[in-house]
Amino acid sequence: MKKYSDARLLSGCLLHPMFNNSPQQLWLWKRLQPLFVSIILFSYSTLVSSAEGTLSLESAMELTLTQNPQLRVFDFRDEALRGQAETAALKPAIEIGADIENIVGTGNVQGVDGAELTVSVSSVIELGNKREARMASIGARRGQLNAEMQVDALDLLGEVTRRYIENLAAQNRLALAQDAESLARETLQIVQDRALAGATPDVEVLRAEAALSQAELLVSAEENQLRYAQVALAALWGETNPTFESVTGDLYQIEETVSFENLFSRVQQNPFIQIFASEERMREAEVRLARTQSTADPRWSLGARRFQEGGDLGLVAGFSIPLFSAKRNSGVVRSAIAARDEVEVRREVALLNLRTQLFNAFQNRQQALITIDTLQTRTIPLLTEALSETQAAYESGRYSYLEWVTARQELIGARSTLIDAATAALRHGADIEQLTAEPLLSPLIDQIN
């Protein structure tokens, strides 16, 4: 029980001071904070200070959210929308103009002798709350931008988790390869001792030496795979040369999940689905903005005219209004309405696709859990006992070298399958969390606390 309490306590403290300078990052951390409950449960050993050279999943996500360039573009998009909002809030501009009449004519208006100068100011009177509609449209687009940023952040966090899992798996595969090398070395020593005693042919020594050579090659290959996994993880925050030597966490610390229907009920809170709600609000604002254009804006002007003959001044006023604005704007309104209605259809399609993806991840995870349980409780213990008995029988001359090596390979193969199953369970669990935008164990945590 303390494990869950510590996880919740720590998850409430994840608003790191380094994020206080950016409102966008602060908002993002607050929105994604619940996901870190599952992160802490996944790498519980990191609740205690990590040893030097190790990396926790929390640190990997922190580095990625602050240094990955994928999220930086939203700062520029937000700044662009701020500029558009300033423009949208402006009232119609006041124009100044000048007209010169009766110039370069004939007779009395020959040359510029009969020129008359009119100076005026003019502007448009906006009707139909056009200014408010423009500002509302920009505000809705900013809401859409926030939703898009959250979706991208979730995708990025999901990729961090997957690459982190690959590092854990690579570490376990390397440890298994090293165990296999140790077994091969011990086998060679036993075979050599028996060959010296004349109890086994020399050809078995050659086979044991070849097996050791293959085991050493496997260790080298797994070391390279681990190095690649580390480079791939560090690349998410821009590091070309990883500064960590290992990642923390237990590959086999996997909990049972809730029912599929329970998980699917959370999918509708996924930012990928919520983004359609934001887009619908944006499209609705665009419809309102388009409808405001159906209201004609009258134009006024006011000025003074100087009459050349006599030098008198007169006041000039003008007023005009476009005709048939609603009819001319009907196509724009229809287009905006169609774009708004399309959003709901795309939302339904996205929900169906997410349900399929969730069901696939759920079923694969359940199968992986069954495999893990079977391997840990039955297969591996039986194969371990069989290897021990086969080795004893070989040393006493009752079993052949081939039977001993086969028993050893079966045990190593089962342990390798266990690593693959645990990796698959964690990977599918990460997919489920990304699809639901919630930790798998959140209902369980609420019950325990």
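In strand β3, L117 stands opposite R306 of strand β5. The model is a predicted one, and this pairing offers a convenient point of entry into its sheet. Strands β3 and β5, the latter spanning residues 299-306, run antiparallel and are joined by eight bridges. Strand β3 also pairs with β2, again in the antiparallel sense, here over seven bridges. Within that second pairing, E95 stands opposite S122 of β3.

L117 itself belongs to strand β3. Its relative accessibility is 41%, and because buried means under 20% and exposed over 50%, L117 counts as partly exposed. This residue is one of the contributors to a nonpolar surface patch of about 870 Å², made by I94, I96, I100, I103, L117, V119, V121, L302 and L315. Two elements, β2 (95-101) and β3 (116-124), each give two or more residues to the patch. Strand β3 gives the most, with three residues. As a general point, side chains in a regular strand alternate between the two faces of the sheet.

From the sheet, the chain may be followed into the loop between β3 and α6, where N129 lies. N129 is not a glycine, yet it has a positive phi of about 55 degrees. With a relative accessibility of 55%, N129 counts as exposed. A comparable backbone feature is found at F324, in the loop between β6 (313-320) and α10. F324 has a positive phi of about 60 degrees and is likewise not a glycine. The relative accessible area of F324 is 64%, and this residue is therefore classed as exposed.

The helical part of the structure can be approached through α9, which covers residues 271-292. This helix of 22 residues reaches 31 Å from its first C-alpha to its last, close to the 32 Å expected at 1.5 Å a residue. Its buried residues are P271, I273, I275, F276, S278, E279, M282, A285, V287, A290 and T292. The cover over these buried residues includes α6 (130-196), α8 (260-267) and α10 (325-395).

Helices α9 and α10 are also connected through charged side chains. Side chains of opposite charge can pair when their charged atoms come close. R340 forms a salt bridge with E284, with 2.9 Å between the closest N and O atoms. This pair links distant parts of the chain, since R340 is in helix α10 and E284 in helix α9, 56 residues apart. E284 has a relative accessibility of 24% and so counts as partly exposed.

Within α10, the side chains of E342 and R346 meet in a salt bridge with an N to O distance of 3.2 Å. The two residues both lie in this helix, four residues apart, which is about one turn. Both partners are partly exposed: E342 has a relative accessible area of 42%, and R346 has one of 31%. The pair does not stand alone, for E279, R283, E286, E342 and R346 are linked in a network of salt bridges. One member of this network, E279, has already been named among the buried residues of α9.

A further salt bridge joins helix α6 to helix α11. The side chains of E166 and R427 meet at 2.3 Å, N to O. E166 is in α6 and R427 in α11 (residues 401-436), so that the pair links distant parts of the chain, 261 residues apart. E166 is partly exposed, with a relative accessible area of 28%, and R427 is also partly exposed, at 26%. The structure as a whole holds 21 salt bridges.

These local features belong to a protein chain with 12 helices and six strands. Of its 449 residues, 40% count as buried. Among the contacts in the chain with a separation of 6 or more, residues 24 or more positions apart account for 79%. The chain exposes about 24,200 Å², and carbon and sulfur atoms supply 53% of this area.

Technical notes
Residues are numbered from 1 along each chain as its sequence is written. This is a predicted model: local features need pLDDT of at least 70, side-chain atom pairs count only at pLDDT 80 or more; totals for chains, interfaces and linings use all residues. Side-chain values use heavy atoms; hydrogens and water are left out. The expected span of a helix is 1.5 Å times one less than its number of residues. Buried means under 20% relative accessible area, exposed over 50%, partly exposed in between (1.4 Å probe, protein chains only). Contact means heavy atoms within 4.5 Å. Accessible areas come from the Shrake-Rupley method with a 1.4 Å probe; for residues, only the protein chains shown count as cover. Patches are made of residues with over 30% relative accessible area and no salt bridge: like charges are joined within 9 Å, nonpolar side chains (Val, Leu, Ile, Met, Phe, Trp, Tyr) within 5 Å. A salt bridge is a side-chain nitrogen of Lys or Arg within 4 Å of a carboxyl oxygen of Asp or Glu. Two strands pair if DSSP finds at least two bridges between them.
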